[in-house]
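Let us walk through this model step by step. Keep the sequence and the 3D view open side by side.

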Amino acid sequence: MTKRAYNFYPGPATMALPVIERAKKELLDFQGTGMSIMEISHRSKEYDKVHHDAMNLVTELMGLPSDYKVMWLQGGASSQFYQVPLNLQLPGKPMEYVNTGVWSKKAIAEAKHYGDVRVVASSEDKTFSYIPKALDFSDDAAFVHISGNNTIYGTEWSEEPKVPSSVPLVSDTSSNLMNRVIDPKKYGVMYAGAQKNLGPAGVTLVIVREDLLGRVPEKAPTMLKWNTHAAKDSMFNTPPALAIYLCKLSLEYIKEIGGVPELEKRNKKKAKILYDAIDGSGGFYKGYAEKDSRSLMNVTFNLKDKDLESKAVEEGFARGLVGLKGHRSVGGMRASIYNAMPIDGVKALVEFLKEFQEKNE
Ligand SMILES: *Cc1c(COP(=O)(O)O)cnc(C)c1O
């Protein structure tokens with residue numbers, strides 16, 4: 001047996017072991033072709049099936065209505081920061097954003113190249129430790145953009161903000177994709193770099209309601225128009241075939257274990273075990289995010305004694321609990337417990353945190 005660490009890195013992040021094992025098994029000879037999936041033409045019937053199976057599994061697992069287009073793009077979620085305003089701008093109409101941290105700010109900065117941006121609310125006053133509640137969106141906005149989960153601060157929108165019915169809601173779901181059952185009809189666009197909650201780095205999942213594909217200005221660069229890729233089922237040019245194949249294996253695995261409802265159940269259980277341990281530590285550990293804004297995916301916390309934080313990270317690492325250092329803007333510790341993190345990983349972490357407290361209190 002290979003020794004596997006419990007990997008709490010925020011991204012690229014842990015993938016389910018059966019997925020990696022299957023990839024390993026198929027790597028030299030993909031389904032009797034005598035070639036690796038990495039080497040096969042993207043126009044071959046073997047790759048074509050992988051590609052479409054992966055798209056269809058997204059539709060099935062997320063329960064997407066038939067007018068939602070699933071796309072596999074490149075450039076990371078960061079490229080969507082400019083592709084969103086480029087594709088959704090409407091002349092003379094404001095683009096409205098909620099600022100919940102570093103990723104929101106980056107998205108806002110890109111949108112400013114395309115027109116009038118209104119930041120409707122921000123949680124910067126408390127270093128992004130909460131999700132703003134008082135939100136007043138305009139009826140004439142081109143779109144509303146949120147960061148669905150704030151990977152760095154450990155905050156998450158537990159429900160969607162209410163937007164006027166004529167205004168599409170766009171969410172950066174890079175770190176909360178498929179982590180619970182949602183109603184996709186509440187969204188116009190969802191996008192996610194795959195490397196946190198779905199697969200390896202190198203592919204970005206973009207889901208767009210079809211009526212929104214027609215807005216893009218004619219003169220925009222071909223590769224940056226969503227409709228270029230939508231029209232060709234993400235085969236306009238060579239897709240990142242290996243990354244899409246690995247996402248397909250992840251999606252099949254998710255389906256096998258019971259789909260998104262089962263992921264939600266597991267994610268809530270994992271998060272509860274960890275937050276309960278933090279809250280029950282008598283103040284030795286202190287959660288960073290406000291309780292009603294806590295993320296299911298990234299659990300951020302500080303130690304009462306700041307000097308112990310790096311020691312805890314190092315001792316955790318020595319035990320095979322990897323990637324627990326908090327982001328530099330928050331400090332402390334962060335456990336990223338994405339879809340693929342097994343419950344045993346969270347239990348091992350809690351056991352370690354308790355022992356560390358006993359020894360250092
Ligand atoms: C990691 C992350 C990104 C950046 O993704 P890239 O694929 O590296 O561009 C954007 N948004 C959120 C919420 C993230 O967690």
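Which residues in the largest nonpolar core touch the most other members? The model is a predicted one. Its largest nonpolar core has 52 residues. Val-58, Trp-72, Met-178, Ile-207 and Leu-251 touch the most other members. Several elements each supply at least two residues of this core. They are H1, helix H2 (45–62), strand E2 (68–73), strand E5 (143–147), strand E9 (189–193), strand E10 (204–209), H6 and H7. H6 gives the most, with 10 residues.

Take Val-58 as a way in. Set aside its neighbours within four places in sequence. Val-58 is then in contact with Gly-63, Leu-64, Val-70, Trp-72, Met-178, Leu-205, Ile-207 and Leu-251. Trp-72, Met-178, Ile-207 and Leu-251 are also among the residues that touch the most other core members. Apart from this core lies another, of 30 residues. Phe-301, Ala-312, Leu-321 and Met-341 are among them.

Phe-301 leads to a sheet. What is the order of its strands? This open sheet has three strands, in the order E11-E12-E14, and the pairing is antiparallel. E11 and E14 are the edge strands, since each pairs on one side only. Neighbouring strands are turned by 30° against each other on average, direction ignored. Strands of a sheet pair through backbone hydrogen bonds, either parallel or antiparallel.

Now look at the two pairings. Strand E11 (residues 285–287) is joined to E12 by three bridges. Here Gly-287 has Phe-301 as its bridge partner in E12. On the other pairing, four bridges join E12 to strand E14 (residues 333–336). Thr-300 finds its bridge partner in E14 at Arg-334.

Is E12 mostly covered or mostly open? Strand E12 (residues 298–303) is mostly covered, with six of its six residues buried. In a regular strand the side chains alternate between the two faces of the sheet. One side of E12 carries Asn-298, Thr-300 and Asn-302. The other carries Val-299, Phe-301 and Leu-303. Both faces are covered. Helix H7 (residues 259–279) lies across E11, E12 and E14. The helix runs at about 15° to E12.

Next come the backbone oddities. Most residues other than glycine have a negative phi, and most peptide bonds are trans. Three places in this model depart from that pattern. A cis peptide bond joins Gly-11 and Pro-12, with omega about -10°. Pro-12 sits in the loop between strand E1 (6–7) and helix H1 (17–26). The other two places share a loop, between helix H5 (226–231) and helix H6 (241–257). Asp-233 has a positive phi, near 50°. Ser-234 also has a positive phi, of about 60°. How buried or exposed is Ser-234? Ser-234 counts as buried because its relative accessibility is 3%, under the 20% limit. Asp-233 is partly exposed, with a relative accessible area of 24%.

Asp-233 has a second role in this tour, as a charged partner. Side chains of opposite charge can pair when their charged atoms come close. The structure holds 24 salt bridges. In one of them, the side chains of Asp-233 and Lys-69 meet at 2.8 Å, N to O. Why does this pair tie together separate parts of the chain? Asp-233 lies in the loop between H5 and H6 and Lys-69 lies in strand E2, so the pair ties together parts that are 164 residues apart in sequence. Lys-69 is buried, with a relative accessible area of 18%.

A further salt bridge joins the side chains of Asp-292 and Lys-133, at 3.5 Å, N to O. This pair also links distant parts of the chain, 159 residues apart. Asp-292 is in the loop between E11 and E12. Lys-133 is in the loop between strand E4 (117–122) and E5. Asp-292 and Lys-133 are both exposed.

Asp-211 forms a salt bridge with Arg-209, where the closest N and O atoms are 2.6 Å apart. Asp-211 is partly exposed, at a relative accessible area of 49%. Finally, salt bridges that share partners join Arg-22, Glu-26, Lys-248 and Glu-252 into one network.

Methods: Residues numbered from 1 in each chain as written. Predicted model: local features only at pLDDT ≥ 70, side-chain atom pairs only at ≥ 80, totals over all residues. Heavy atoms only, no water. Buried < 20%, exposed > 50% of the residue type's maximum accessible area, 1.4 Å probe, protein only. Pairing = 2+ DSSP bridges. Axes fitted to C-alpha atoms, helices over the stretch in contact; angles between N-to-C directions. Contact = heavy atoms within 4.5 Å. Core = buried A, V, L, I, M, F, W, Y, C linked by side-chain atoms within 4.5 Å. Salt bridge = Lys/Arg side-chain N within 4 Å of Asp/Glu carboxyl O.
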